[in-house]
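Here's a quick briefing to read with the structure open beside you. It walks through the ligand sites first, then a helix pair, then a few backbone spots.

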Amino acid sequence: MGIAETKRSSSTPASTSGAAASDPQAESGAALTDGFHLVIDALKVNGIDTIFGLPGIPITDLTRMAQAEGIRMISFRHEQNAGNAAAIAGFMTQKPGICLTVSAPGFLNGLTALANATTNCFPMILISGSSEREIVDLQQGDYEEMDQLAIAKPLCKAAFRVLHAEDIGVGVARAIRAAVSGRPGGVYLDLPAKLFAQSMDAEAGKRSLIQVVDPAPRQIPAADAIGRALDLLEGAKRPLILLGKGAAYAQADADIRSLVEKTGIPYLPMSMAKGLLPDTHELSAAAARSFVLPEADVVLLVGARLNWLLSHGKGKTWGGKGHKDAGGQKFIQIDISPQEMDSNVRIDAPVVGDIGSCVSALLAGIGAAWPKPPAEWLTAVAERRDRNIAKMAETLAKDPVPMNFHSALNVVRDIVKANPDAILVNEGANALDFTRSIVDMYKPRKRLDVGTWGVMGIGMGFAVAAAVVSGEPVIAIEGDSAFGFSGMEVETICRYNLPVCVVVFNNNGVYRGTDVNPTGGADLAPTVFVKGARYDRLIEAFGGVGVHATTPAELRRAMEEAVRSRRPTLINAVIDETAGTESGRITSLNPTAGKKK
Ligand code: ADP
Ligand code: TZD
């Protein structure tokens, strides 16, 4: 506060072209509105009811007025968490999630989340206040001076700045369209401080607002593209359907289920597509992943990119000889982005359109006479899957001391099964990989995780948004390192009294807690944290429930109580510090030093 705020309020509000510099209300008697209210009205007219943000110059009053006008204002402790909340709210609802920040540093804190949202195809709008244009552009050293628009541009789908109050309606409409149409993503909206104070005639202001009609228009696939896809699929001997988070986002749940069941083709869900069909479905090939990827002859991708998470569609994972060799399968890809096709390997049957329209067009061509895949294939997949599930069941049944990832996740697995509407947030390395493979999901869009970047820090932001948007209980399974990136938001969880149960898998460090400093010096190794830390005490500082759990039985009791009571809870689950592996399942991505010691 202080100097800058005084300066701003004492300067004459810039008037919009139609309004005189003197008080037009006094002259004409007409009611006035201002930039603050137009921003709020523009959001409200488009059905936006929640803002995730953090107040400060120049948007403090905007947060107050938004709350006064009936928008739910969720205030965070760090903008990155507010941004992550907005992004995942966008994923869950198909409405752009709104993150509101102050200028330069607040904007930059939110920008990581905006870039992550864009990478993951989550619709969100980062709205940041910015400093005085004239001073910023001449680089004269304003309070929190930064050319935010230029910095945001390469990291999001679109970026806009509004300079005049009468353009707020257009600015918000463009931001909404850019965020949700086509491939969804992040949008930046720059609102300079002076804009908020501008006044204009209230009636004209109202007329300037745009209620966006059909913000994410359906994109109908071409008939020949559908025909090509059906021909390939019908001729397949070992077909596979791969569901990605685009399929979860599309909310075409019933049609996607029909597609799997009518064709009888085994399917593999990517992590955030888990639960689109229940993981216990007889056609799930999740537990036979390393068998079906190289063996399949035709793969139908539904809202999943052939990026690193799918080994770029080639190499050993897909049955290729070398790491750059294709495996010989043919690909059908459904995606709203035409440029996604052939990004890594040849797509034999591209189907460009929105998933709802594409899947229903495929279904229209799949009659009762559609041949089921050869029994030989189905049996081979089922056998491999059942064998792996049985092997896993043996591991899960063990009760080692200290508790390890498996014995702890056996509890989480039961709790999620008993509460299929609960939302599972998940980050970490081992804590992520083991949870993904052990904890079955039963309903769509219930699993939210580190996504395309494998980014740490989404945990508490996602948990807050999931609880706010859905009203359902949230269970966050967090590596102790992962939790640290957003841990302060347990205060936010307590402040809004959200039904969130955070379980910190505490193995004393990044990946595990056993590294030693090779020099014998007093500093711990870079991956090691304070041993025996009590994360449960953090939440107690804010009135939440803290539990220290060292056995599966204690963990079970605490989780059951947390879900039942809906009280903000943090369970410090003590995990064997030797249990993790470096980087979890992706240890091979670590470069190895050429020089041996
Ligand atoms: P995963 O990480 O689960 O494999 P990705 O994020 O890689 O999923 O892929 C999601 C894909 O879904 C993106 O290529 C995106 O363009 C696409 N997509 C998102 N929404 C839709 C939609 N409504 N219709 C069609 N494609 C969509
Ligand atoms: N920083 C950011 C923003 N994202 C990252 N992915 C990393 C750093 C690197 N990283 C991982 O990829 S996983 C991880 C880090 C720091 C934490 C692993 O430790 P954990 O989980 O305690 O969260 P486990 O269960 O002990 O493996």
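**Ligand sites, helix packing and backbone oddities**

Let's start at the backbone of Ile-355, where a polar atom sits 2.9 Å from a nitrogen atom of ligand 1. Keep in mind that this is a predicted model. Ile-355 is worth holding on to, as it turns up again in the contact between helices H14 and H16.

**Ligand 1**

- Ile-336 also offers a polar backbone atom to ligand 1, at 3.1 Å from a nitrogen atom of the ligand.
- With Gly-303 the partner on the ligand is an oxygen atom, and the polar backbone atom of Gly-303 is 3.4 Å away from that oxygen.
- On its own, ligand 1 has 580 Å² of accessible area, and the protein covers 96% of that.
- The shell around ligand 1 counts 19 residues, and those that come nearest are Arg-183, Lys-245, Arg-305, Asp-335 and Ile-355.
- Sorted by class, that shell has eight nonpolar, six polar and five charged residues.
- Helix H13, which spans residues 245-249, gives the most to the shell, with three residues.

**Ligand 2**

- Asn-430 reaches ligand 2 through its side chain: a polar atom there lies 2.8 Å from an oxygen atom of the ligand.
- Gly-454 uses its backbone instead, with a polar atom 2.8 Å from a nitrogen atom of ligand 2.
- Ala-429 puts a backbone N or O atom 3.3 Å from an oxygen atom of ligand 2.
- Of the 590 Å² of accessible area that ligand 2 has on its own, the protein covers 76%.
- Two elements give two or more residues to the shell around ligand 2, namely helix H19 (430-438) and helix H21 (480-484).
- H21 has the largest share of that shell, at three residues.
- In total 17 residues surround ligand 2, and Asn-430, Ala-431, Gly-454, Asp-480 and Ala-482 are the closest.
- The class split for this shell is nine nonpolar, seven polar and one charged.

**Helices H14 and H16**

- H14 (residues 253-263) packs against H16 (residues 355-364) at an angle of about 35 degrees, and their axes are 9 Å apart.
- The crossing of H14 past H16 is left-handed.
- On the H14 side, the contact is made by Asp-255, Ile-256, Ser-258, Leu-259 and Lys-262.
- H16 answers with Ile-355, Gly-356, Val-359, Ser-360, Leu-362 and Leu-363.
- Taken by class, this contact holds six nonpolar, three polar and two charged residues.
- So which residue here should you remember from ligand 1? Ile-355 of H16 is also among the residues that come nearest to ligand 1.

**Backbone spots to check**

- Ile-57 and Pro-58 are joined by a cis peptide bond, with omega at about 5 degrees.
- You'll find Pro-58 in the loop that runs between strand E2 (50-53) and helix H4 (60-68).
- Val-401 and Pro-402 are linked by a cis peptide bond too, and omega there is about -5 degrees.
- Pro-402 sits in the loop between helix H17 (375-397) and helix H18 (405-418).
- Gln-139 isn't a glycine, yet its phi is positive, near 50 degrees.
- As for where to look, Gln-139 is in the loop between helix H7 (133-137) and helix H8 (148-152).

Methods: Residues are numbered from 1 along each chain as its sequence is written. Chains are lettered from A and ligands numbered from 1 in the order in which they are written. This is a predicted model: local features need pLDDT of at least 70, side-chain atom pairs count only at pLDDT 80 or more; totals for chains, interfaces and linings use all residues. Side-chain values use heavy atoms; hydrogens and water are left out. Axes are lines fitted to C-alpha atoms, for helices over the stretch in contact, and angles run from 0 to 180 degrees between N-to-C directions. Helices (H or I, at least four residues) and strands (E, at least two) are DSSP runs, numbered from the N terminus. A crossing is left-handed if the near helix is turned anticlockwise from the far one by less than a right angle, and right-handed if clockwise. Contact means heavy atoms within 4.5 Å. Ala, Val, Leu, Ile, Met, Phe, Trp, Tyr, Cys and Pro count as nonpolar, Asp, Glu, Lys and Arg as charged, and the others, Gly among them, as polar. A residue is near a molecule or strand if one of its heavy atoms lies within 4 Å of it. A polar contact is a pair of N or O atoms within 3.5 Å; within protein, one must be able to donate a hydrogen and the other to accept it, and residues adjacent in sequence count only if both atoms are side-chain atoms. Accessible areas come from the Shrake-Rupley method with a 1.4 Å probe; for residues, only the protein chains shown count as cover.
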